[in-house]
Amino acid sequence: MTAAQYLESNKQKFLDELFELLRIPSISADTAYKGDVEAAAFYIKDKLIAAGADKVEICPTAGNPIVYGEKIIDPNLPTVLVYGHYDVQPAVPLELWDTPPFEPTIRATEVHPNGAIFARGACDDKGQVYMHVKAFEIMMATGTLACNVKFMIEGEEEVGSTNLGPFCIANKERLKADVVLISDTSIIANDTPSIDCGLRGLSYVEVEVTGPNRDLHSGVYGGAVANPINILAKMIASMHDDKNHITIPGFYDKVLELSAAERAEINKAPFNLEEYKKDLGIGDVWGEEGFNVLERTGIRPTLDCNGIWGGYIGEGAKTVLPSKAFAKISMRLVPNQDSHSITELFQKHFESIAPAGVKVVVKPHHGGEPVVTPIDSKAYLAAEKAMETTYGKKPIPTRGGGSIPIVALFERELGLKSVLMGFGLDSDALHSPNEHYGLFNYYKGIETITYFFQYFAAK
Ligand code: BES
Ligand code: MN
Ligand code: MN
């Protein structure tokens, strides 16, 4: 049986299995789901074993386990290290889902006329991880696996991969490979394949602003005491100037400015501003003066408030001048910014702009470094050729706006470059209610991965 025939006759089975994986609520941000996180790890482990992987192991960490497995067919052949994550983002707010997040269902959409799987993690990243498990099964079952493969599937990507770094450092020998292959990014559209060749880094902080030592009557004290919510809102607003540049001193110092030629290269990707606005229901885009949307998301750093709270938010009105206000703030970073220095710059700046009437505390969360991946490597060319084979079009190199913090560490600690051969769409509602993944994308991904191995193994 050929690989294509095997895929064709196992389509339903491949879908049923992914559904089973999607039913496990492996939410890493919430410790209440610890058991489910482990169940998802065991599910992947069992399927890797069933497909024929060796040395399959659930590797415990200080946090969630890492699933490892390998198939070494010949030590002289190249080795691909497949990385992905089985953990998912929280599904809240649940009321905004049309169908429950952990009961996968198939519905057609405008961009997925042949149907999409609706479930948390469908695209990010269970659906994409599972394509690799099934591509491996196909290659094993049809005797077409042409090089060595190692799997490292983690359960903490959505909370910053804190324990994966130490695991990589402690397992350098076991993780020896020629390239890391990752499907956890997007393509431009189902008729426009692309490969991300860069990801942004991340610096994430939580801030606490305290005014008076207790909640006050907003009439008795209002007007004479700093309101931490008012102050916090003003402090956040002041971090962009009227050109939407970030005002933190030194923030742009290390930003790598691209040459006109490099910018032209990035702008070769098709982009329709009107469709973009229509899709998001916005009257206009917003961002740093002097850059367009592709540049603002691909090669420029950002500062965004992700959440802000404080005071009274219950029903009706309560006249209160609150004691505290909070916010979560993320900064997306680009080469050659570094998350530790940026977090420090933020902290210094935030403290310096706080008026005397409040006290501020800045608590750094996880971070990650930006990466740029090569587009002339043997692995990139294999991915390019694989996509060209299955989509009938050469993929366009793009810059992804999201972050996969561990990719920079693979390079630094393991000396490995990555290929970001993802198959999702930005419109698949990752991290949002009604996340979904196209059936077309799922099967096309499986097929493309088998070609990647074939081309990468070829001399
Ligand atoms: N798969 C995404 C990253 C991504 C999505 C990159 C689409 C490019 C295109 C990943 O799971 C993710 O969500 N990463 C987080 C960072 C993490 C530290 C929470 C992110 O980008 O917010
Ligand atoms: Mn992901
Ligand atoms: Mn994610």
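## Notebook: two manganese ions and some backbone oddities

I started at Asp-125, which sits in the loop between β5 and α4. This is a predicted model, so I read everything below as features of a prediction. The peptide bond between Asp-124 and Asp-125 is cis, with omega at about 0°. Asp-124 also turned up as a metal ligand, bridging the manganese ion (ligand 2) and the manganese ion (ligand 3). The two ions lie 3.6 Å apart.

**Entry: manganese ion (ligand 2)**

I listed the donors for this ion. They are His-85 through NE2, Asp-124 through OD, and Asp-184, which is listed twice through OD, at 2.0 to 2.4 Å. Along the chain the donors follow the spacing H-x38-D-x59-D. Asp-124 is in the loop between β5 (116–118) and α4 (126–141), while Asp-184 is in the loop between β7 (179–182) and β8 (186–187), so this pair ties together parts 60 residues apart in sequence.

Next I checked the geometry. The six donor atoms of the manganese ion (ligand 2) make angles of 56 to 166°, and the site comes out as irregular.

Are the two aspartates buried or exposed? Asp-124 is buried at 8% relative accessible area, and Asp-184 is buried too, at 12%.

**Entry: manganese ion (ligand 3)**

I then moved across the bridge. Here the donors are Asp-124 (OD), Glu-158 (OE, listed twice) and His-431 (NE2), at 2.1 to 2.6 Å. The angles subtended by the six donor atoms run from 55 to 156°, which makes this arrangement irregular. I wrote down the sequence spacing as D-x33-E-x272-H. Glu-158 comes from the loop between β6 (148–154) and α5 (164–170) and His-431 from the loop between β20 and β21, so these two tie together parts 273 residues apart in sequence.

I looked up accessibility for this pair as well. Glu-158 is buried, with a relative accessible area of 13%. His-431 counts as partly exposed at 40%.

**Entry: backbone oddities**

His-431 got a second look for its backbone. It is not a glycine, yet its phi is positive at about 65°. Its loop runs between β20 (424–425) and β21 (436–438).

Which other non-glycine residue did I note with a positive phi? Lys-55 has one of about 50°. Lys-55 is in strand β1 (residues 54–59) and counts as exposed at 61% relative accessibility.

I noted another cis peptide bond, this one joining Val-92 and Pro-93, with omega at about 0°. Pro-93 is in the loop between β3 (79–85) and β4 (105–107).

For a glycine, I went to the end of helix α12. Gly-415 comes just after α12 and takes a positive phi of about 65°. In the helix itself (residues 406–414), I marked the buried residues as Ile-406, Val-407, Ala-408, Leu-409, Phe-410 and Leu-414.

**Entry: α2 against α3**

How do the axes of helix α2 and helix α3 cross? I took α2 as residues 11–22 and α3 as residues 34–51; their axes come within 9 Å and cross at roughly 155°. The cut-off for roughly antiparallel is over 145 degrees, and α2 and α3 are therefore roughly antiparallel to each other.

I went through the contact by residue. On the α2 side there are Glu-17, Glu-20 and Leu-21, and they meet Ala-40, Tyr-43, Ile-44 and Lys-47 of α3. That contact divides into four nonpolar residues, three charged and no polar.

**Entry: Thr-390**

I picked Thr-390 in helix α11 (residues 378–391). It is buried, with 9% relative accessible area. What does Thr-390 touch, leaving aside its neighbours within four places in sequence? I found Lys-444, Glu-447, Thr-448 and Tyr-451 in contact with it.

**Entry: Thr-109 and Arg-200**

Last, I looked up Thr-109, in the loop between β4 and β5. At a relative accessible area of 22%, Thr-109 is partly exposed; under 20% would have counted as buried. I also took a distance from here: the C-alpha atoms of Thr-109 and Arg-200 are separated by 29 Å, with the two positions 91 residues apart along the chain counted as their separation.

Key: Residues are numbered from 1 along each chain as its sequence is written. Chains are lettered from A and ligands numbered from 1 in the order in which they are written. This is a predicted model: local features need pLDDT of at least 70, side-chain atom pairs count only at pLDDT 80 or more; totals for chains, interfaces and linings use all residues. Side-chain values use heavy atoms; hydrogens and water are left out. Donors are N, O and S atoms within 2.8 Å of the metal (3.2 Å for Na, K and Ca); water is not among the atoms, so sites may look incomplete. Four donors count as tetrahedral if all angles lie between 85 and 135 degrees; four count as square planar and six as octahedral if opposite donors are over 155 degrees apart and all others between 65 and 115; anything else is irregular. Helices (H or I, at least four residues) and strands (E, at least two) are DSSP runs, numbered from the N terminus. Buried means under 20% relative accessible area, exposed over 50%, partly exposed in between (1.4 Å probe, protein chains only). Axes are lines fitted to C-alpha atoms, for helices over the stretch in contact, and angles run from 0 to 180 degrees between N-to-C directions. Angles under 35 degrees count as roughly parallel, over 145 as roughly antiparallel, 65 to 115 as roughly perpendicular and the rest as oblique. Contact means heavy atoms within 4.5 Å. Ala, Val, Leu, Ile, Met, Phe, Trp, Tyr, Cys and Pro count as nonpolar, Asp, Glu, Lys and Arg as charged, and the others, Gly among them, as polar.
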